[in-house]
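Colleague: Before I use these labels at the bench, I would like to hear what stands behind them. Can we go through them one by one?

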Amino acid sequence: MSVFEITKAATFDAAHHFPNEPDGSPYRRMHGHSFSVEATVRGEALDGHGWVADLGALDRALKAAAEELDHGLLNDKPGLELPTLEHLCLWFADRLRPEWPGLSRITVSRPTIHERCVLTL
């Protein structure tokens, strides 16, 4: 049995702060990052096109979710009041999972500072 994974990526820029950090912490101050997000869909069966899923549709769904965050304050989004990479992974998974039952992984990274988080579903 073959198992396939397809992945699409999107980028967004956003600001955030960590209100639970102690006074004087640099993380408590508002700051911004360029983020990258990847969504992976896994499947065994291929559809009539020979695909696990439509990469174009996955691309549109992922970019629409990233657009919701682009050039905004992450803390203002429900579920991102504490906008860690871990919470961003969960936020994207919540957005995509209803339409993409084969969603198997979300990766959110800040490439310029070499940080990333992977959520395996």
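Modeller: Let us start with the helix pair: the crossing of α1 and α2 is right-handed. Keep in mind that this is a predicted model.

Colleague: Why are α1 and α2 called oblique to each other?

Modeller: Their axes cross at roughly 130 degrees. Oblique is what remains outside the ranges under 35, 65 to 115 and over 145 degrees, and therefore α1 and α2 count as oblique to each other. The two axes come within 10 Å.

Colleague: Which residues of α1 and α2 meet?

Modeller: From α1 there are A61, L62, A65, A66, E68 and L69, and from α2 there are L88, W91, F92, R95 and L96. By class, this contact has nine nonpolar, two charged and no polar residues.

Colleague: What makes R95 and E68 the charged ones in that contact?

Modeller: Arg and Glu are both in the charged class, so R95 and E68 belong there.

Colleague: Now the sheet. In what order do the strands of the sheet stand?

Modeller: The order is β3-β1-β2-β4-β5, in an open sheet of five strands with mixed pairing. At the edges stand β3 (72-73) and β5 (115-120); each has a single partner strand, so one side of each lacks a neighbour in the sheet.

Colleague: How do you know that β1 and β3 pair?

Modeller: Pairing takes at least two bridges. Two bridges join β1 to β3, so the pair meets that cut-off. These strands run parallel, and A15 has L73 in β3 as its bridge partner. Helix α1 (residues 55-69) packs on the sheet and touches β1, β2 and β3, with its direction at about 15 degrees to that of β1.

Colleague: How many bridges join β1 to β2, and how many join β2 to β4?

Modeller: Between β1 (residues 4-16) and β2 (residues 31-43) there are 13, and these strands run antiparallel. I6 is bridged to V41 in β2. Six bridges join β2 to β4, also an antiparallel pair, and there S36 stands opposite S109. Helix α2 (residues 85-96) lies across β1, β2, β4 and β5, at about 140 degrees to β4.

Colleague: One residue to finish. Why does T107 count as buried?

Modeller: Its relative accessibility is 9%, and buried means under 20%, so T107 counts as buried. T107 is in strand β4 (residues 103-110). Leaving aside neighbours within four places in sequence, T107 is in contact with S36, V37, E38, R116, C117 and V118.

Definitions and conventions. Residues are numbered from 1 along each chain as its sequence is written. This is a predicted model: local features need pLDDT of at least 70, side-chain atom pairs count only at pLDDT 80 or more; totals for chains, interfaces and linings use all residues. Side-chain values use heavy atoms; hydrogens and water are left out. Helices (H or I, at least four residues) and strands (E, at least two) are DSSP runs, numbered from the N terminus. Buried means under 20% relative accessible area, exposed over 50%, partly exposed in between (1.4 Å probe, protein chains only). Contact means heavy atoms within 4.5 Å. Axes are lines fitted to C-alpha atoms, for helices over the stretch in contact, and angles run from 0 to 180 degrees between N-to-C directions. A crossing is left-handed if the near helix is turned anticlockwise from the far one by less than a right angle, and right-handed if clockwise.
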